[in-house]
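Let's take a walk through this one together, starting with the overall picture and then going into the details. Keep the viewer open as you read.

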Amino acid sequence: MSTAAGSFSEATEAFKQGKYRRALKYFEIERESGNNSAKLRYNIGVTLMKLERYSEATIYFHGLLNDARWRDLARYNLAVAAERTNRELAAVKHYRIVREGAATEKLRDMAARRLRLLAEDHRGEHERPWLATISLTVGNDDNAYALQNELLEEASIGADNFAELFAWGQYRLGGTPENGWRVHGYGFGRKYKDYENLDLASARAAFSRDRRWFGWSTELGLAVETVTLGGEPVTQQARLLSKISGNWGRSIISFSYSPGYYFGGDEYAYLDGWRQFFDLSWQRSLFSTETKLYYRYDYNDREGQVKAEGDYYSYSPARHTLGGTLVWIPSPRWNLSTGVEYRSSLYNENNRITDSEGNVDSYYRESDRLRSWLGAKFRVTPNFHINGKYQFIDNEENRDIYTYDKSEYSLGIGYSF
């Protein structure tokens with residue numbers, strides 16, 4: 001018996017005895033000896049699954065999807081790995097492919113059974129008419145006023161600690177998630193320790209109709225929202241909600257359009273006017289990651305602000321935002337994420353500013369903002385989690401006074417029920 005053959009034999013024997021670390025060690029010795037067979041790669045993948053190293057296991061199973069002999073088994077194990085790392089959408093996709101196309105009846109039945117169990121697990125959730133989540137976060141913003149860097153004479157100037165509270169909930173009035181009516185809304189508040197005039201709060205209430213249309217999920221509804229800054233009302237808005245999403249191959253794409261009208265009131269009448277959002281996103285699961293790319297067009301048609309001396313400030317930007325996020329789930333409890341977003345803004349009206357000598361400066365305000373972040377979430381229980389986030393913003397404008405950068409650090413807890 002060769003050394004390599006002995007390694008494989010030792011590995012399979014250790015696997016049968018439940019000694020998975022030992023089995024993996026000998027399987028790896030076998031591979032290092034030059035054996036790169038599909039059978040060996042499958043066995044390594046299954047052993048990694050036993051060790052709950054799901055992200056590594058999926059790499060081996062994905063590599064077997066083009067092998068006719070091992071394809072169905074690899075696909076089934078990809079579904080199991082996705083299910084165990086709480087990526088149920090990916091799990092359902094893989095199980096369906098096995099159920100509909102596996103060569104053996106046993107695998108087709110196994111996949112069908114898992115699909116039924118997943119549906120039963122969520123039956124009570126679907127029957128329950130309400131869902132909700134709440135989170136509490138504390139953090140530090142090193143440039144709360146978004147001041148130009150040169151104005152920050154000392155590192156402590158402009159920095160402040162904050163606390164955030166966020167709550168979201170929905171109640172289904174009738175029907176099912178795929179064909180029914182619901183009310184939903186959220187409340188958000190950020191309170192600074194020192195800069196109370198920057199305290200921000202917003203709340204929204206909405207009413208939506210959900211239904212399936214030619215295999216696509218659709219939403220159509222109305223929402224009202226109010227925003228306060230420093231405890232004073234800033235805007236109220238009424239908004240139309242419309243969205244369509246569905247599977248496109250192995251990906252999910254969605255498009256939404258949301259026009260709304262803002263009321264600024266007496267103090268903020270220059271914010272009165274229309275605002276329209278167009279959103280397009282693409283999302284796909286790969287190995288133990290979730291990748292998302294998105295684009296947003298934000299068009300504003302506001303009144304603008306006229307000063308007593310005839311100066312004028314536009315509040316009607318046209319914005320293009322392009323971004324992407326990557327979420328990695330190394331284990332069922334851990335969720336690591338990163339993202340980057342670029343936003344280009346061009347205000348569609350000419351600003352006019354008169355200096356102390358009576359000279360008038362006219363210009364169109366333009367800006368480029370780059371935002372990036374890193375985040376981590378640890379699931380303590382199925383409903384309770386701890387999360388942390390770092391965010392950096394770099395904003396460049398054609399008027400230096402609006403150019404700034406800032407960093408935010410935050411740590412929070414959340415509960416879903």
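Helices and strands here are DSSP runs, with at least four residues for a helix and at least two for a strand, numbered from the N terminus. With that naming in hand, D279 sits in strand β8, which covers residues 273–286. Before we get back to that strand, keep in mind that this is a predicted model.

First, the whole chain. The protein chain has 417 residues, and 38% of them count as buried. It contains eight helices and 18 strands. Its C-alpha trace spans about 95 × 55 × 35 Å along the principal axes. If you look at the contacts with a sequence separation of 6 or more, 51% of them link residues 24 or more positions apart.

Now for the helices. Start with α2 (residues 20–32) and α3 (residues 38–50), whose axes come within 10 Å and cross at roughly 155°. Angles over 145 degrees count as roughly antiparallel, and so α2 and α3 are roughly antiparallel to each other. The crossing of these two, α2 and α3, is left-handed. On the α2 side the contact uses Y20, A23, L24, F27, E30 and R31, while α3 brings L40, R41, N43, I44, T47, L48 and K50. Sorted by class, the α2–α3 contact comes to seven nonpolar, two polar and four charged residues.

Move along to the pair α4 and α5 and you'll find their axes 9 Å apart, packed at an angle of about 160°. That angle is why α4 counts as roughly antiparallel to α5. The α4–α5 crossing is left-handed. Here Y54, T58, F61 and H62 of α4 meet A74, N77, L78, A81 and R84 of α5. In the contact of α4 with α5, the split is five nonpolar, three polar and one charged.

Between these two pairs there's a backbone detail to look at. E52 lies in the loop between α3 and α4. It isn't a glycine, yet E52 has a positive phi of about 65°.

What holds the most-contacted places in the largest nonpolar core? That core has 38 residues, and F27, M49, F61, Y76 and Y95 have the most contacts inside it. The elements giving two or more residues to this core are α1 (3–16), α2, α3, α4 (54–62), α5 (71–84), α6 (88–101) and α7 (105–121). Apart from this core lies another, of five residues, including A144, F162, Y192 and Y195.

Two residues help to show how the helical part is wired up. F27, setting aside neighbours within four places in sequence, touches F8, A11, T12, L40, N43, I44 and T47. You've met F27 already, as one of the α2 residues in the contact with α3. The other residue is V46, which lies in helix α3. Is V46 buried or exposed? With a relative accessible area of 17%, V46 is buried, since the cut-off for buried is under 20%. Leaving out neighbours within four places in sequence, V46 is in contact with F15 and F61. For a sense of distance across the model, the C-alpha atoms of V46 and G231 are separated by 57 Å, with their positions 185 residues apart along the chain.

Finally, back to the strands, and to D279 in β8. D279 has a relative accessible area of 18%, so it is buried. Which residues does D279 contact, leaving aside its neighbours within four places in sequence? They are S254, F255, S256, Y295 and R296. The C-alpha atoms of D279 and G175 are separated by 27 Å, and the two residues are 104 apart along the chain.

For a second strand residue, go to Y257 in β7 (residues 251–263). At 25% relative accessibility, Y257 counts as partly exposed. Beyond its neighbours within four places in sequence, Y257 is in contact with L240, L241, S242, Q276, F277 and F278. The C-alpha atoms of Y257 and K243, 14 residues apart along the chain, are separated by 6.5 Å.

Methods
Residues are numbered from 1 along each chain as its sequence is written. This is a predicted model: local features need pLDDT of at least 70, side-chain atom pairs count only at pLDDT 80 or more; totals for chains, interfaces and linings use all residues. Side-chain values use heavy atoms; hydrogens and water are left out. Axes are lines fitted to C-alpha atoms, for helices over the stretch in contact, and angles run from 0 to 180 degrees between N-to-C directions. Angles under 35 degrees count as roughly parallel, over 145 as roughly antiparallel, 65 to 115 as roughly perpendicular and the rest as oblique. A crossing is left-handed if the near helix is turned anticlockwise from the far one by less than a right angle, and right-handed if clockwise. Contact means heavy atoms within 4.5 Å. Ala, Val, Leu, Ile, Met, Phe, Trp, Tyr, Cys and Pro count as nonpolar, Asp, Glu, Lys and Arg as charged, and the others, Gly among them, as polar. A nonpolar core is a set of buried Ala, Val, Leu, Ile, Met, Phe, Trp, Tyr and Cys residues joined through side-chain atoms within 4.5 Å. Buried means under 20% relative accessible area, exposed over 50%, partly exposed in between (1.4 Å probe, protein chains only).
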